[in-house]
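Trainee: Could you take me through a close look at a single part of this model, namely its salt bridges, and then connect that part to some other places in the chain? I would be glad of a slow and careful account.

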Amino acid sequence: MHRSNWALLALLLLMAFAFQGTRGIFEPDEGRYTATAINMLESGDWLVPTVDGERPHLTKPPITYWALAASMDAFGRNEWAARLPGALAFVGTGLLVLGLGRRFCPARPWLPAAVWSTSLAPVVGANVVSTDGLLALFETAAMFAFVEAWLRDGADRRRWLLGMWLLWGLAFMTKGPPGLLPLGAMTAFLAVHDRARLRGLFPPLGLLLFGIVAFTWFALIVHQQPDRLGYFLGSEVYDRVFTARHGRNAEWYGGLKIYLPALLVGALPWWVLAVAAAGGPRTAWARLRDRVRRRERDALLLLYWLLLPLAAFFLSRSRLELYVLPLFVPLALLMSRALAGWPWLTPRRFVAATVLTAAAMLGMKAYAAYATHDRDARAMAAQVREAIDTQGIDEIAFFGMPAFFGLTMYLDVRAESVRVGGPNRPHSRQLPTPDELCAELEERENNVFAVKRTRVPRFAAAVSGCGPYALREIGSFRGDGHEIVLFRIEPAPPGA
């Protein structure tokens with residue numbers, strides 16, 4: 001292997017694993033993913049994910065939960081193991097970008113991978129427990145297979161196409177329909193610019209392989225309970241695309257608010273250098289239009305890969321910054337094509353820029369690892385231990401608020417939410433439907449109840465409405481900017 005490739009591998013490993021086990025699990029997303037994986041390990045049920053150990057949690061297909069559970073089974077229930085799948089996905093994606101660089105940036109094939117691995121968004125994504133890092137890996141691998149098939153004929157092309165459809169199946173099993181957005185972009189590209197290649201894109205064996213990988217889990221879940229099909233198509237597809245029910249920046253300007261800063265900040269510092277390499281914003285735009293007019297196929301493919309999924313994200317009404325993480329691959333390839341021919345960027349200057357950028361990224365990772373944060377489940381767990389003895393406790397039930405599921409890793413107790421009244425829907429939009437408070441009390445479990453200080457009067461009134469119970473405050477902790485009070489609830493003594 002060439003010396004530059006060894007240097008790139010070392011860079012990928014450093015950016016992926018530095019401080020990975022130092023920062024605690026953050027609420028809400030990291031806590032939810034890790035708790036679901038822990039429940040898989042404890043129950044032995046790897047088919048139906050449960051975030052609270054009881055009710056199905058089906059907002060995502062299970063590949064991420066499987067990866068987390070396997071990692072924690074092998075390396076223990078700790079932050080390093082929880083973030084290992086994301087770190088490995090970062091390294092794997094970087095190596096795939098290196099392979100794509102040989103096709104799209106042959107003069108400096110290592111340049112796109114170096115740019116991608118020292119851009120802010122991929123580095124952040126590698127340090128967060130989520131589906132997006134694995135999704136970026138599978139989407140990039142599928143696009144790599146497509147590019148190889150696009151440039152080949154005969155048996156080689158068929159093999160790459162079969163591999164591509166297997167990888168699209170894995171992308172679908174990671175995040176559902178959003179994992180296929182680059183497939184739509186690729187199909188549109190061929191339909192407009194290379195129809196001869198489009199005809200062979202859908203081999204029956206490849207489609208069969210995709211269907212087995214993508215839909216077997218969904219079929220098993222729907223077979224268990226047929227109304228879950230309506231949940232998948234309704235809440236997880238229709239509602240996310242067309243409604244504001246998930247509460248994720250659904251305003252008409254939400255895409256501008258979320259995705260433009262994510263792309264501009266996430267691609268720092270390289271997009272600034274790429275624009276300078278192209279001669280400034282106006283010249284860069286003129287060159288890009290000229291390549292489109294001349295139908296340069298490589299540039300067009302990268303633009304389709306970047307812009308069509310981005311347009312879909314803008315149109316969808318459920319928006320978060322990490323959704324666009326996979327798009328930093330085509331963006332890095334586009335930026336590298338501009339940087340590769342820039343006379344100012346000599347090898348020495350590029351190495352200096354890469355080292356400085358990597359140092360800045362590592363400094364940010366170090367700050368995030370050691371800074372205090374009110375969503376750190378590890379810090380919350382330490383406060384809970386100081387306040388109460390958690391031995392023998394079955395659950396921590398959070399009243400009228402989302403549970404801090406990350407406590408499951410640190411306290412070896414389950415977390416759940418409880419509510420007062422209201423409809424009991426079988427499948428919630430994001431989390432399992434909370435138990436009703438009175439029903440929870442009737443179960444006579446050894447629970448601790450967690451309530452925001454500002455909601456204690458409402459909680460006390462709700463408990464008194466459930467029967468003769470005595471409410472006893474036993475401690476408190478800080479979480480998500482609030483003081484959370486801990487209570488024990490016991491049957492009131494006779495005559496009280």
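**From a buried histidine to the salt bridges**

Mentor: Let us begin with histidine 57, which counts as buried because its relative accessibility is 1%, and keep in mind throughout that this is a predicted model. Histidine 57 sits in the loop between α2 (29-43) and α3 (63-75). Between the C-alpha atoms of histidine 57 and glycine 479 there is a separation of 23 Å, and the two residues are 422 residues apart along the chain.

Alanine 141 offers another buried position, with a relative accessible area of 11%, and its place is in helix α7 (residues 132-150). If we set aside the neighbours within four places in sequence, alanine 141 is in contact with Leu96 and Leu167. Measuring from C-alpha to C-alpha, alanine 141 and threonine 93 are 7.5 Å apart in space, although 48 residues apart in sequence.

Now we come to the part you asked about. A salt bridge here needs a side-chain nitrogen of Lys or Arg within 4 Å of a carboxyl oxygen of Asp or Glu, and by this rule the count comes to 26 salt bridges. One of them joins arginine 297 to aspartate 194, where the closest N and O atoms are 2.9 Å apart. Because arginine 297 lies in helix α16 (residues 297-315) while aspartate 194 lies in the loop between α9 (181-193) and α10 (195-198), the pair ties together parts that are 103 residues apart in sequence. Arginine 297 counts as partly exposed, at 38% relative accessibility, whereas aspartate 194 is buried, with a relative accessible area of 12%.

Another salt bridge is formed by the side chains of glutamate 296 and arginine 294, with 2.5 Å from N to O. Glutamate 296 is partly exposed, its relative accessible area being 21%, and arginine 294 is also partly exposed, with a value of 48%.

The side chains of arginine 453 and glutamate 473 likewise meet in a salt bridge, at 3.4 Å from N to O. This pair links distant parts of the chain, 20 residues apart, since arginine 453 is in the loop between β4 (447-452) and α22 (456-464) and glutamate 473 is in strand β5 (residues 469-479). Arginine 453 counts as partly exposed at 34% relative accessibility, and glutamate 473 counts as partly exposed at 43%. Elsewhere, salt bridges that share partners bring Arg103, Glu148, Arg152, Asp156 and Arg159 together in one network.

Let us finish at the surface, with charged and nonpolar patches. Asp394, Glu442, Glu443 and Glu445 form a negative surface patch, and one of these residues, glutamate 442, is placed in helix α21 (residues 437-442). Glutamate 442 counts as exposed because its relative accessibility is 60%, and the cut-off for that word is over 50%.

A nonpolar surface patch of about 760 Å² is made by Trp252, Tyr253, Leu256, Leu260, Leu264, Val265, Leu268 and Val272. Helix α13 (residues 254-266) gives the largest share of this nonpolar patch, with four residues. Leucine 260 is found in helix α13, and leucine 260 is partly exposed, with a relative accessible area of 37%.

Methods:
Residues numbered from 1 in each chain as written. Predicted model: local features only at pLDDT ≥ 70, side-chain atom pairs only at ≥ 80, totals over all residues. Heavy atoms only, no water. Patch = residues over 30% accessible without salt bridge, like charges linked within 9 Å, V, L, I, M, F, W, Y side chains within 5 Å. Areas by Shrake-Rupley, 256 points an atom, 1.4 Å probe, with all protein chains shown as cover. Lys, Arg positive; Asp, Glu negative; His and termini not counted. Charge placed at Lys NZ, Arg CZ, Asp CG, Glu CD. Helix = DSSP H or I, 4+ residues; strand = E, 2+ residues; numbered from the N terminus. Buried < 20%, exposed > 50% of the residue type's maximum accessible area, 1.4 Å probe, protein only. Contact = heavy atoms within 4.5 Å.
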